[in-house]
Amino acid sequence: MRIAAVGDLHCTRDSAGSLSPLFAAASAAADVIALCGDLTDHGLPEEADVLASELSGASVPIVAVLGNHDHEAGEAVAVTDRLAHAGASM
């Protein structure tokens, strides 16, 4: 099994369009993508919405864990829900 591990994405509201190519390339090279914390910059639901949209570039399963930045705004449940709704196993 090939795993593409990515961490510290720090996705912001302005990240739209910048991460989808990364997920597409990782999908071509791996059987699963592991997102390893600090997925958002400040743990804002709006940042998670951008990341959720960017995950559409992936064609393999995604597993993810939150990092400290993803808890910063006190919205970790909302961040988790948005990413799970986009297909990530949280």
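In the predicted model, the buried residues of helix H3 are covered by elements that include helix H2 (45–54) and strand S4 (88–89). Helix H3 spans residues 76–85, and within this helix Ala76, Ala78, Val79 and Leu83 are buried. Viewed down the axis of H3, these buried residues fall within an arc of 165 degrees, and they therefore line one face of the helix. On the other side of H3, by contrast, Val77 and His85 are exposed. The helix is followed by glycine 87, which has a positive phi, near 110 degrees.

Leu83 of H3 also belongs to the largest nonpolar core, which comprises 23 residues and in which Leu9, Phe23, Ile33, Leu35, Leu51, Leu55 and Leu83 touch the most other members. At least two residues of this core are supplied by each of strand S1 (3–6), helix H1 (20–29), strand S2 (32–36), H2, strand S3 (62–65) and H3. The greatest contribution comes from H2, which gives four residues to the core.

Leucine 9, one of the core members that touch the most others, is in contact with Leu19, Leu22, Phe23, Leu35, Gly37, Asp38, Leu39 and Leu51 when its neighbours within four places in sequence are left aside. Among these partners, Gly37 lies in the loop between S2 and H2, and with a relative accessibility of 5% this glycine counts as buried. With neighbours within four places in sequence again set aside, glycine 37 is in contact with Gly7, Asp8, Leu9, Val65, Leu66, Gly67 and Asp70. For one of these partners, valine 65, the C-alpha atom is separated from that of glycine 37 by 5.4 Å, although the two residues are 28 residues apart along the chain.

With a disulfide taken as a pair of cysteine sulfur atoms within 2.5 Å, the count of disulfides comes to zero. The sulfur of cysteine 11 has its closest cysteine sulfur in cysteine 36, at 16 Å, which is too far for a bond; the closest cysteine sulfur to that of cysteine 36 is, reciprocally, the one in cysteine 11, at 16 Å. The surroundings of the two cysteines can also be described by accessibility: cysteine 11 counts as buried, at 0% relative accessibility, whereas cysteine 36 counts as partly exposed, at 42%.

Methods: Residues are numbered from 1 along each chain as its sequence is written. This is a predicted model: local features need pLDDT of at least 70, side-chain atom pairs count only at pLDDT 80 or more; totals for chains, interfaces and linings use all residues. Side-chain values use heavy atoms; hydrogens and water are left out. Buried means under 20% relative accessible area, exposed over 50%, partly exposed in between (1.4 Å probe, protein chains only). The arc is that of the directions from the helix axis to the C-beta atoms. Contact means heavy atoms within 4.5 Å. A nonpolar core is a set of buried Ala, Val, Leu, Ile, Met, Phe, Trp, Tyr and Cys residues joined through side-chain atoms within 4.5 Å.
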